[in-house]
Amino acid sequence: MRAPTSELPILFEDVGVDAKDVRILSEVTLALRAGAPTVLIGPNGSGKTTVLRLAMGLLAPSGGRITWCGRDRTDGRRLAMVSQRPVMLRRSTFANVTYALGAAGVAWARRNDRAEELLARVGLSNQAARPARRLSGGEQQRLALARALARDPEVLCLDEPTASLDPANTKAVEEIVTAIAASGVKVLMATHDLGQARRLAGNVVLLVGGRICEQAPAPQFFSSPATPEAAAFMRGDLVI
Amino acid sequence: MAQDPTALALVLGGDATLYAIVQLSLMVSLAATALAALVGLPLGAYIALVQFPGRPFVIVVMNAFMGLPPVVVGLAVYLLLSRSGPLGFLGILFTPRAMIIAQALLVMPIIAALTRQTIEDLWVEYRDELTAMRVGPFARILTLIWDARFSLVTALLAGFGRAAAEVGTVMIVGGNIDGFTRTMTTAIALETSKGDLALAMGLGIVLIALIIVVNAAAWGIRRVGELRAG
């Protein structure tokens with residue numbers, strides 16, 4: 001069996017994205033390296049999801065260059081993503097995970113044991129037999145994390161994973177994300193919840209209008225923002 | 001309606017002629033639906049998921065073929081299977097096999113068109129998730145067919161209903177041979193023209209009952225599926 005290739009670092013060099021003559025991302029230069037989570041913050045439409053999709057290799061840049069550990073392409077084997085409203089397959093909770101394991105190429109014989117491990121990891125062991133679509137929003141988000149972990153990812157992209165959750169479920173998801181990051185998985189997360197960024201981020205990237213306004217280690221970003229946009233964003237002003 | 005009691009007596013009394021016709025009709029229509037599903041389900045899913053030149057034209061033609069005139073299909077199959085036709089060497093004209101093929105051709109566009117619509121709708125929902133999971137094209141088709149299975153029951157049911165209720169195709173390629181290729185619908189047409197309304201009505205009762213039972217079963221399957229799979 002071929003040894004999995006590394007994806008890190010993921011380097012964005014002057015990346016731009018156009019969609020139907022509209023510039024949605026401009027001159028993005030960003031280095032995603034192993035270590036603490038990188039959190040993308042910014043208002044709606046600032047390009048956070050586009051950056052995640054580019055990092056996943058799901059979207060090709062219109063300009064600039066992206067490399068995964070020096071390669072211009074990724075097969076995505078060790079990249080996983082959880083969206084804001086993950087779609088649950090019309091199967092049981094358990095079958096959703098075994099499906100993801102199958103898609104990740106895990107041998108048939110190992111899938112059940114691995115699925116049990118993953119469900120335990122996200123606290124859904126007792127929901128294994130339930131139809132996934134009947135889980136609560138928070139449970140669905142945790143199941144989506146379990147499915148993402150089925151790929152044994154080196155990089156996990158999270159697109160506002162708690163945007164529609166209450167505080168209790170947000171806390172549960174954040175604890176899982178923290179544990180995932182602590183296990184060595186590089187977490188790249190988009191959020192416009194500043195409090196969440198404070199709690200989880202190792203590095204912060206502020207996007208406004210499709211451009212990076214500021215990127216810095218989290219303590220530095222929150223203690224002394226270098227740009228007026230970052231300062232305004234932290235004050236809670238409307239940044240457009 | 002002086003014939004009614006006799007028709008009911010035939011049905012309730014287990015008349016051998018009547019039930020032989022019912023058995024053959026069921027066998028032909030179920031086999032035709034299964035054959036059509038074998039082609040129509042993956043074809044519909046493929047067209048739903050894969051972009052290719054002329055796709056809109058294919059979709060329009062497929063939708064139009066849902067309303068194919070049965071006699072035209074019967075005629076085409078007759079010409080193919082007749083002794084001088086390209087498939088005449090098979091020697092299956094005026095047999096149940098020919099009837100199955102003809103009905104399958106009639107039903108396949110219905111199953112394919114309804115499958116395409118169902119799978120296309122589900123794909124809109126699943127696209128980002130399956131793309132992020134790097135699920136390949138073939139596995140996508142299988143996944144979507146499986147996850148839409150309870151909705152696709154409706155497509156199969158529509159196909160079966162069309163097969164069970166049609167007369168023209170099986171009349172042309174089956175020949176309505178007594179005890180061999182006579183189905184419920186061809187028998188009803190024949191017995192009515194002969195004035196034997198009892199058998200015709202008896203078969204009509206069975207045909208309607210059958211359609212109700214199949215619909216009820218499909219509804220039940222769908223309901224159980226929704227409860228179990230969400």
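**Helix packing and the contact between chains A and B**

In this predicted model, Ile119(B), Leu122(B), Trp123(B), Tyr126(B) and Leu130(B), which belong to α5(B), meet Arg140(B), Thr143(B), Leu144(B) and Asp147(B), which belong to α6(B). When the residues of this contact of α5(B) with α6(B) are sorted by class, six are nonpolar, one is polar and two are charged. The two helices, α5 covering residues 96-132 of chain B and α6 covering residues 137-147 of chain B, have axes that come within 10 Å and cross at roughly 120 degrees. Because of that angle, α5(B) is described as oblique to α6(B), an angle counting as roughly perpendicular from 65 to 115 degrees and as roughly antiparallel over 145. The crossing in which α5(B) passes α6(B) is right-handed.

A helix pair in chain A can be described in the same terms. Helix α2 of chain A, residues 93-103, packs with helix α3 of chain A, residues 108-121, at an angle of about 120 degrees, and their axes are 9 Å apart. The crossing of α2(A) and α3(A) is right-handed. On the side of α2(A), the residues in contact are Thr93(A), Phe94(A), Val97(A), Thr98(A), Leu101(A) and Gly102(A), and on the side of α3(A) they are Arg111(A), Asn112(A), Arg114(A), Ala115(A), Leu118(A) and Leu119(A). By class, this contact of α2(A) with α3(A) consists of six nonpolar, four polar and two charged residues.

The overall composition of chain B is helical, with ten helices and zero strands. The C-alpha atoms of chain B fill a box of roughly 65 × 50 × 25 Å along the principal axes, and 40% of the 230 residues of chain B count as buried. If contacts in chain B between residues at least 6 apart in sequence are considered, 79% of them join residues that are at least 24 apart.

Buried nonpolar residues are considered next. The largest nonpolar core has 135 residues, and those with the most contacts inside it are Ala55(A), Ala146(A), Ala102(B) and Ile111(B). The element that gives the most to this core is α5(B), with 20 residues. Around Ala102(B), when residues up to four places away in sequence are not counted, the residues touched are Val73(B), Gly74(B), Val77(B), Thr169(B), Val170(B) and Val173(B).

Between the two chains, 13 residues of chain B are in contact with 16 residues of chain A. On the side of chain B that touches chain A, the elements giving two or more residues are α5 and α10 (197-229) of chain B, and the largest share, six residues, comes from α5(B). That side of chain B divides by class into five nonpolar, two polar and six charged residues.

Towards the end of chain B, helix α9 of chain B, residues 184-194, has as its buried residues Met184(B), Thr185(B), Thr186(B), Ala187(B), Ile188(B) and Glu191(B). The elements that cover these buried residues of α9(B) include α2 (16-49), α7 (149-165), α8 (168-174) and α10 of chain B. Just after α9(B), Gly195(B) takes a positive phi of about 90 degrees.

How values were computed
Residues numbered from 1 in each chain as written. Chains lettered and ligands numbered in written order. Predicted model: local features only at pLDDT ≥ 70, side-chain atom pairs only at ≥ 80, totals over all residues. Axes fitted to C-alpha atoms, helices over the stretch in contact; angles between N-to-C directions. Helix = DSSP H or I, 4+ residues; strand = E, 2+ residues; numbered from the N terminus. Parallel < 35°, antiparallel > 145°, perpendicular 65-115°, else oblique. Left-handed = near helix turned anticlockwise from the far one by under 90°. Contact = placed C-beta atoms within 7 Å. Nonpolar A, V, L, I, M, F, W, Y, C, P; charged D, E, K, R; others polar. Core = buried A, V, L, I, M, F, W, Y, C linked by C-beta atoms within 7 Å. Buried ≥ 20, exposed ≤ 12 C-beta atoms within 10 Å, placed from the backbone.
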